[in-house]
Amino acid sequence: MEEIYAKFVSQKISKTRWRPVPPGSLQTAETFATGSWDNEENYVSLWSIGDLGNVDSDGGFEGEHQLLCDIKHHGDVMDLQFFDQERIVAASSTGCVTVFLHHPNNQTLSVSQQWPTAHYHTGPGSPSRSSAPCTGVVCDNPEIVTVGEDGRINLFRADHKEAVRTIDNADSSTLHAVTFLRTPEILTVNSIGQLKIWDFRKQGNEPSQILSLTGDRVPLHCVDRHPNQQHVVATGGQDGMLSIWDVRQGTMPVSLLKAHEAEMWEVHFHPSNPDHLFTCSEDGSLWHWDASTDVPEKSSLFNQGGRSSTFLSHSISNQANVHQSLISSWLSTDPAKDRIEITSLLPSRTLSVNSLDVLGPCLVCGTDAEAIYVTRQLFS
């Protein structure tokens, strides 16, 4: 793991995302967006990472991430996703969902579309709608799906003023995050430890499948789908545990992995190298999980010093009968064969690490310590 660069930005960062690289292009990640929270004024900002690590003539680092442009955001930024190369979708604690457009010619951001009351509470005692935070957004051009504290799911289309579909009472508890399984199907996680799969081809307000952690109803805060194997899903929750699920099998996780000491805020499979997974937590840690099966080579890495690594695996189901080569390394169940190496990526514990994103060899994360960390050499 090479140098990780910190920049202090005078605002607490709630979300951070790389701008996608055009399909088929050979360029690496260069631009990322951040959203802030819990500040007097919150912003959605775009940054460029330039040439990190080259020393300029004054002895300073060239290419420390530079602010390209920013725009005020009403309320806390609860989630942030790139819709395409130019557009960014932001979810607000006010219940509003905004699409911002980046103008590269003059480096500005403008509002291109807005759904001001995407999420709201109604009920006895509240004569009018009161806003409910929009907690999660996922995009699959031209569609945008949002979830909220009101238990509502909205399906929007870019350039449509109204929601294409709304599932009003999708959940009686708070929905914390959402991801696409495949185009018409989404998966949500909620505050009582449930995963629910929804199929937009079906009418009605019922999920097509419910999975849950047995016993304690531990709130789940984050979810990510394996980029190549759409049935493999990772979640993280209030107890800091990492759960790996196979949505084709049963209703319980395949593996529970002891992870952080406090809430896990985000989990991400590496989009092109999914044997690698990344998590961040309220406890101030940022972890790289390596489940690639090449253990001998891995233990030589382990001996290189300076890496804080542990091996652990705990499986709660047996799938030995499934053809081994078809199983994702995250679903294999022999703890001796399939040890997972965990590396801590931040030099020291900080305040909560709220968000991370990975693209190619690049990683970015944002913290409550008002710092953004970037590395361009994840696998070196």
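Which residue is the bridge partner of E185 in strand 18? The legends below get there by way of a few close-ups, and keep in mind that this is a predicted model.

**View 1. Strand 17 and strand 18 make a hairpin.** Here is the reply to the opening question: E185 has D199 as its bridge partner in strand 18. Strand 17 covers residues 185-190, and its pairing with strand 18 is antiparallel, with five bridges. Three residues sit between the two strands, and G193 in that turn has a positive phi of about 80°.

**View 2. Strand 18 is largely enclosed by the rest of the structure, because six of its six residues (194-199) are buried.** Look at how the side chains split up: Q194, K196 and W198 point one way, while L195, I197 and D199 point the other way. Both sets are buried. Strand 18 also pairs with strand 19 (residues 209-212), running antiparallel to it, and four bridges join the two. One pair to pick out is K196 with its bridge partner I210 in strand 19.

**View 3. Four strands line up in an open sheet.** The order is 12-13-14-15, with antiparallel pairing. Strand 12 (134-140) and strand 15 (165-167) are the edge strands; each has a single partner, so one side of each has no neighbour in the sheet. From one strand to the next, the twist averages 15°. Zoom in on strand 13 (residues 143-148) and strand 14 (residues 153-157), and you'll find five bridges holding an antiparallel pair. Among the residues here, V145 has L155 of strand 14 as its bridge partner.

**View 4. The largest nonpolar core brings together 19 residues.** L242, L277, W289 and W330 are the ones with the most contacts inside this core. Strand 21 (232-237), strand 22 (242-246), strand 24 (264-269), strand 26 (286-290) and strand 28 (340-344) each chip in at least two residues. Strand 24 gives the largest share, three residues. Apart from this core lies another one, made of 14 residues, including L286, L345, V358 and Y373. As background, nonpolar side chains in soluble globular proteins tend to be buried together.

**View 5. W330 and the residues it touches.** Leaving aside residues up to four places away in sequence, W330 touches H226, V232, I244, S255, F269, P274, D275, H276, L277, W289, A291 and I340. Two names here, L277 and W289, join W330 among the residues with the most contacts inside the largest nonpolar core.

Note on methods: Residues are numbered from 1 along each chain as its sequence is written. This is a predicted model: local features need pLDDT of at least 70, side-chain atom pairs count only at pLDDT 80 or more; totals for chains, interfaces and linings use all residues. Side-chain values use heavy atoms; hydrogens and water are left out. A nonpolar core is a set of buried Ala, Val, Leu, Ile, Met, Phe, Trp, Tyr and Cys residues joined through side-chain atoms within 4.5 Å. Buried means under 20% relative accessible area, exposed over 50%, partly exposed in between (1.4 Å probe, protein chains only). Contact means heavy atoms within 4.5 Å. Two strands pair if DSSP finds at least two bridges between them. Axes are lines fitted to C-alpha atoms, for helices over the stretch in contact, and angles run from 0 to 180 degrees between N-to-C directions.
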